[in-house]
Amino acid sequence: MSDNTAVRAAKLDKIFGTPVCAVLLAIFCNVLWGSAFPFIKLGYRLFSIDSGNTASIFCFAGVRFMLGSVLVLLGSILLQGKAPRLPRGRVAAECCALGLWQTTAQYAFYYIAVAMLTGAFGGILNSTQSFLGVIFAHFIYGNADRMTPAKTLGCAVGFAGVLIGTIGNHGGGSGWGVFCMMAATVIFTLSGPWNKSVTKKADSFAVCFLNLFVGGLALFVLGTVMGGRLHVQSALAAVVMLYLAFICGAGYILWALLMKNNPVSRIAIFGFVNPVVNVLLSAVLNGEPLFRWQYLAALVFVCMGIWLVNKAPAKKEKV
């Protein structure tokens, strides 16, 4: 690492490690992620993609992730002063396999679910990754990440919120849509340890680039072979696609730097912003009911659960 690169990295670490900046950026990241679901549904309308047109849905997802991978490269150049060094051999193959699992498999289910569920309920369902991650970590990492009474209570409250949200006709969607969203959430949660393992062997920017590009390319090829096509209906459609790509690239880069320079509980606790933004934007962009009591009650329970599972005892962590 050159002196100039080292100085730049030190400045970034100082900025991202400042408590006020860390909190604001953590909220910003969750606002981005919370806006993804409603913007994807908006994108379907702008690209004239029907909910049953799985092939075109895959093409839509593939283009988004390939564009996101390009933004990761640009982010690396801007923030690190250099393009990431791509791995070779077995490590490169593992990165590509991770992309097929974490991006292709996960988002094949996720994008089908988006087409079949309301944005509000889909976002509430997707927030269960916060609770599944805590449960899986208990078995994967052993004593390093055991369940605590607060985490157990948080998971129970969070899942209770999800159950409340299902009251009615599956939250405004289909049973198949619920299954697809839960499948995507489980795949995402199980991808965490694998992703963490791979980033120890290669540059994290390179891992993310290959993850997004290979996974996105596979989705696009699969959709094209199935007969899918994308038709840009207006300039707004292109803007929405670029924004969704920005969520991929910027969200990953910012969150990685935040997690590197801050205690996990200081950052992860702001995950409650995600479903809140999702519900609000679903109402604004897609005309979904904002004051449906099931959504509001579920939102309160889910946010409370996320807060509980991420609230670490003060004596165990220096903030």
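User: Let's begin with burial: what share of the 319 residues in the chain is buried?

Analyst: Buried residues make up 49% of the 319 residues in the chain. Keep in mind that this is a predicted model. To call a residue buried, you check that its relative accessible area is under 20%. Val-240 counts as buried because its relative accessibility is 4%.

User: And how much accessible surface does the chain have, and what share belongs to carbon and sulfur atoms?

Analyst: The accessible surface comes to about 14700 Å², and 70% of that belongs to carbon and sulfur atoms.

User: How do I read the overall fold? How many helices and strands does the chain have?

Analyst: Follow the chain along its sequence and note each element as you pass it. Here you'd note 13 helices and zero strands, so the pattern is simply α repeated, helix after helix. Then look at who touches whom: among contacts between residues at least 6 apart in sequence, 89% join residues at least 24 apart.

User: Can you show me some residues far apart in sequence? What separates the C-alpha atoms of Val-240 and Arg-64?

Analyst: Those two are 176 residues apart along the chain, yet their C-alpha atoms are separated by 9.8 Å. Val-240 is found in helix 10, residues 235–261. Leaving out neighbours within four places in sequence, Val-240 is in contact with Phe-39, Leu-42, Gly-43 and Leu-46.

User: What about the nonpolar core: which residues have the most contacts inside the largest one?

Analyst: The general idea is that in soluble globular proteins, nonpolar side chains tend to be buried together. In this model the largest nonpolar core has 75 residues, and those with the most contacts inside it are Ile-40, Tyr-44, Phe-60, Phe-65, Tyr-110, Tyr-111 and Leu-258. Helix 10 gives the most to this core, with twelve residues. Zoom in on Tyr-44: beyond its neighbours within four places in sequence, Tyr-44 is in contact with Ile-49, Ile-57, Phe-60, Tyr-111, Val-114 and Ala-115.

User: Lys-41 has a charged-looking name to me. Is Lys-41 buried or exposed?

Analyst: Go by the number, not the name. Lys-41 has 16% relative accessibility, so Lys-41 counts as buried. Lys-41 is found in helix 2. A polar atom of the Lys-41 side chain lies 2.9 Å from the backbone oxygen of Leu-117. Not counting residues up to four places away in sequence, Lys-41 touches Val-114, Ala-115, Leu-117, Gly-119, Asn-286 and Glu-288.

User: How many salt bridges does the structure hold, and which side chains meet?

Analyst: There's one salt bridge. The side chains of Glu-94 and Lys-201 meet in it, at 3.0 Å from N to O. The pair links distant parts of the chain, 107 residues apart: Glu-94 is in helix 4 (residues 89–116), while Lys-201 is in the loop between helix 8 (175–198) and helix 9. Lys-201 counts as partly exposed because its relative accessibility is 47%.

User: Now the outside: which residues make the nonpolar surface patch?

Analyst: Phe-213, Leu-217, Val-221 and Val-225 make a patch of about 340 Å². Take Val-221, which is in helix 9 (residues 204–225). Val-221 has 41% relative accessibility, so Val-221 counts as partly exposed.

User: One last feature: what is the phi of Ser-48?

Analyst: Phi is a backbone angle, and here you look at its sign. Ser-48 has a positive phi of about 55° although it is not a glycine. You'll find Ser-48 in the loop between helix 2 (19–46) and helix 3 (54–80). Ser-48 counts as partly exposed because its relative accessibility is 47%.

How values were computed
Residues are numbered from 1 along each chain as its sequence is written. This is a predicted model: local features need pLDDT of at least 70, side-chain atom pairs count only at pLDDT 80 or more; totals for chains, interfaces and linings use all residues. Side-chain values use heavy atoms; hydrogens and water are left out. Patches are made of residues with over 30% relative accessible area and no salt bridge: like charges are joined within 9 Å, nonpolar side chains (Val, Leu, Ile, Met, Phe, Trp, Tyr) within 5 Å. Accessible areas come from the Shrake-Rupley method with a 1.4 Å probe; for residues, only the protein chains shown count as cover. A salt bridge is a side-chain nitrogen of Lys or Arg within 4 Å of a carboxyl oxygen of Asp or Glu. Helices (H or I, at least four residues) and strands (E, at least two) are DSSP runs, numbered from the N terminus. Buried means under 20% relative accessible area, exposed over 50%, partly exposed in between (1.4 Å probe, protein chains only). Contact means heavy atoms within 4.5 Å. A polar contact is a pair of N or O atoms within 3.5 Å; within protein, one must be able to donate a hydrogen and the other to accept it, and residues adjacent in sequence count only if both atoms are side-chain atoms. A nonpolar core is a set of buried Ala, Val, Leu, Ile, Met, Phe, Trp, Tyr and Cys residues joined through side-chain atoms within 4.5 Å.
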